[in-house]
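Trainee: I would like to learn how to read a model like this one. Can we go feature by feature?

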Amino acid sequence: MSVYTQVSHTDLQTFLTQYDLGELTHFQGISAGIENTNYFVDTTEGRFVLTIFEQHTLDELPYFLNIMAFMAEHAIPTAHPMADREGRYLKTLKDKPAALVERLQGSDLDTPSVRQCEVMGQWLAKFHLAGQDFDDFRANDRDLNWAQTTFARLTDQLPEAERRLIADEIAFQGETDWSHLPGSVIHADLFCDNALFQGDELAGIIDLYYACNGPMLYDLAVMVNDWCRLDDHTLDADKVAATLAAYQTVRSLTDAEKTAWAAAQRMGALRFYLSRLQDQYQPREGEMTQIKDPQVFGELLQSLRA
């Protein structure tokens, strides 16, 4: 979440006339995250998050908004999109796609406890099981093909050691068969800052704008790589074991998934290593923007490979 597109009080007042959500009382840009423009929006009828989409097209966005609504309506704590007076979730603002969603209670976690990792693992398994009944389909746009293309764009800017590491990992992942692993809707970006907690209870899963259809194991690996990471960018073995055990109280991993676990963790680390390198070397301009350290995942990838 960042601010790339400036919105005025008048812009928001006009935008809100399309909804039955009362009058605008306050709004504020959100600096966390890196992909879209986001504002907290308060009205006389409630509290919401406005997202202006900087990357996705109008054709792509119904999938994300529909999966958010689907999950919320299937007892998964997710921010439900707000429909306008004509029942539409997707709108435009400042000539860009935009949507309002409910603002959930709770706060994200800097360093989740073992118990919070277990809770998130259980809810991720429930998310996966629910997603198997969702009819729409979207391929993962941050897959191995994306990794190869992104690496090719960055190669000339990277130190030799990083080039060798990434090239070797891409070659390894190219030999890994993901087609036999069970799939569903996956979040694909379930970091600590994309879940809200109240104590040890999950209050909401947010920012589903990388959601897609893919191997459930990969989604679990992405989550574990962030939730169970130590300050030295290796993984806490006890947290990993507790998270996997908690996930499997809801959905058991298959033998094929257990065999592919190490490769899934490495693919998750590679994906975020490359996306952060891209943000570092080819940043987009924004008023309030976070560029996160790519070496967190470079060092994690090296430890996983070792």
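Trainee: Is alanine 98 buried or exposed?
Mentor: Look at relative accessibility, and call a residue buried under 20%. This model is predicted, and in it alanine 98 has 0% relative accessibility, so alanine 98 counts as buried.

Trainee: Where is alanine 98 placed?
Mentor: Alanine 98 is in strand E5, residues 96-102.

Trainee: Which residues are in contact with alanine 98, leaving aside neighbours within four places in sequence?
Mentor: Phe15 is one of them. Leu50, Thr51, Ile52 and Phe53 are also on the list. So is a run from Tyr89 through Leu90, Lys91 and Thr92 to Leu93.

Trainee: What separates the C-alpha atoms of alanine 98 and glutamate 35?
Mentor: A distance of 13 Å, with the two positions 63 residues apart along the chain.

Trainee: Let us go to helices. What span should H6 have, and what does it have?
Mentor: Count 1.5 Å a residue. The 12 residues of H6 should therefore span 16 Å, and the end C-alpha atoms are 17 Å apart, which agrees.

Trainee: How many residues of H6 are buried?
Mentor: H6 is mostly covered, with 12 of its 12 residues buried. Hydrophobic names such as Leu217, Leu220, Val222 and Trp227 are among them. Asp219, Asn225 and Asp226 are buried too.

Trainee: What length does H7 reach?
Mentor: H7 covers residues 237-248. From first C-alpha to last it reaches 17 Å, close to the expected 16 Å.

Trainee: How do I read a helix by its faces?
Mentor: An α-helix has 3.6 residues a turn, so residues three or four places apart point the same way. Keep that in mind as you go through a list of buried positions.

Trainee: Which residues of H7 are buried?
Mentor: Lys239, Val240, Ala242, Thr243, Leu244, Ala246 and Tyr247.

Trainee: Which helices do the buried residues of H7 pack against?
Mentor: They pack against H3 (114-131), H6 (216-227) and H8 (255-281).

Trainee: Let us follow H8, then. Is glutamine 265 buried or exposed?
Mentor: Glutamine 265 is found in H8. Its relative accessibility is 8%, so glutamine 265 counts as buried. Apart from residues up to four places away in sequence, glutamine 265 touches Ala221, Val224, Asn225, Leu235 and Leu304. Ala221, Val224 and Asn225 are among the buried residues of H6.

Trainee: What does leucine 270 touch?
Mentor: Leucine 270 is also found in helix H8. Leucine 270 is buried, with a relative accessible area of 0%. Setting aside residues up to four places away in sequence, leucine 270 touches Ala147, Ile166, Glu169, Ile170, Gln173 and Leu301. For a distant reference, take proline 81: 189 residues apart along the chain, with 31 Å between the C-alpha atoms.

Trainee: And threonine 150: what is in contact with it?
Mentor: Threonine 150 is in helix H4, residues 144-154. Its relative accessible area is 0%, so threonine 150 is buried. Leaving aside neighbours within four places in sequence, Leu274 and Gln278 are in contact with threonine 150.

Trainee: Now the backbone. What should I expect of phi?
Mentor: Most residues other than glycine have a negative phi. Check the positive values.

Trainee: What is phi of aspartate 207?
Mentor: Near 55°, a positive value in a residue other than glycine. Aspartate 207 is in the loop between strand E8 (201-205) and strand E9 (212-215).

Trainee: Where is histidine 233?
Mentor: In the loop between H6 and H7. Histidine 233 has a positive phi of about 70°. Its relative accessible area is 16%, so histidine 233 is buried.

Trainee: Finally, the whole chain. How many helices and strands does it have?
Mentor: Nine helices and nine strands.

Trainee: What radius of gyration would a compact globule have?
Mentor: With 306 residues, near 19 Å; the protein chain has 19 Å, which agrees. The C-alpha atoms fill a box of roughly 55 × 45 × 35 Å along the principal axes.

Trainee: How much of the chain is buried?
Mentor: Of the 306 residues, 53% count as buried. The accessible surface is about 13300 Å², and 47% of that belongs to carbon and sulfur atoms.

Trainee: What about contacts and charges?
Mentor: Take contacts between residues at least 6 apart in sequence: 74% join residues at least 24 apart. For charge, the chain has 24 positive and 47 negative side chains. The centres of the two sets lie 2 Å apart.

Terms used. Residues are numbered from 1 along each chain as its sequence is written. This is a predicted model: local features need pLDDT of at least 70, side-chain atom pairs count only at pLDDT 80 or more; totals for chains, interfaces and linings use all residues. Side-chain values use heavy atoms; hydrogens and water are left out. Helices (H or I, at least four residues) and strands (E, at least two) are DSSP runs, numbered from the N terminus. The radius of gyration is taken over C-alpha atoms; the globule rule is 2.2 Å times the number of residues to the power 0.38. Buried means under 20% relative accessible area, exposed over 50%, partly exposed in between (1.4 Å probe, protein chains only). Contact means heavy atoms within 4.5 Å. Accessible areas come from the Shrake-Rupley method with a 1.4 Å probe; for residues, only the protein chains shown count as cover. Lys and Arg count as positive and Asp and Glu as negative; His and the chain ends are not counted. The place of a charge is taken as NZ of Lys, CZ of Arg, CG of Asp or CD of Glu. The expected span of a helix is 1.5 Å times one less than its number of residues.
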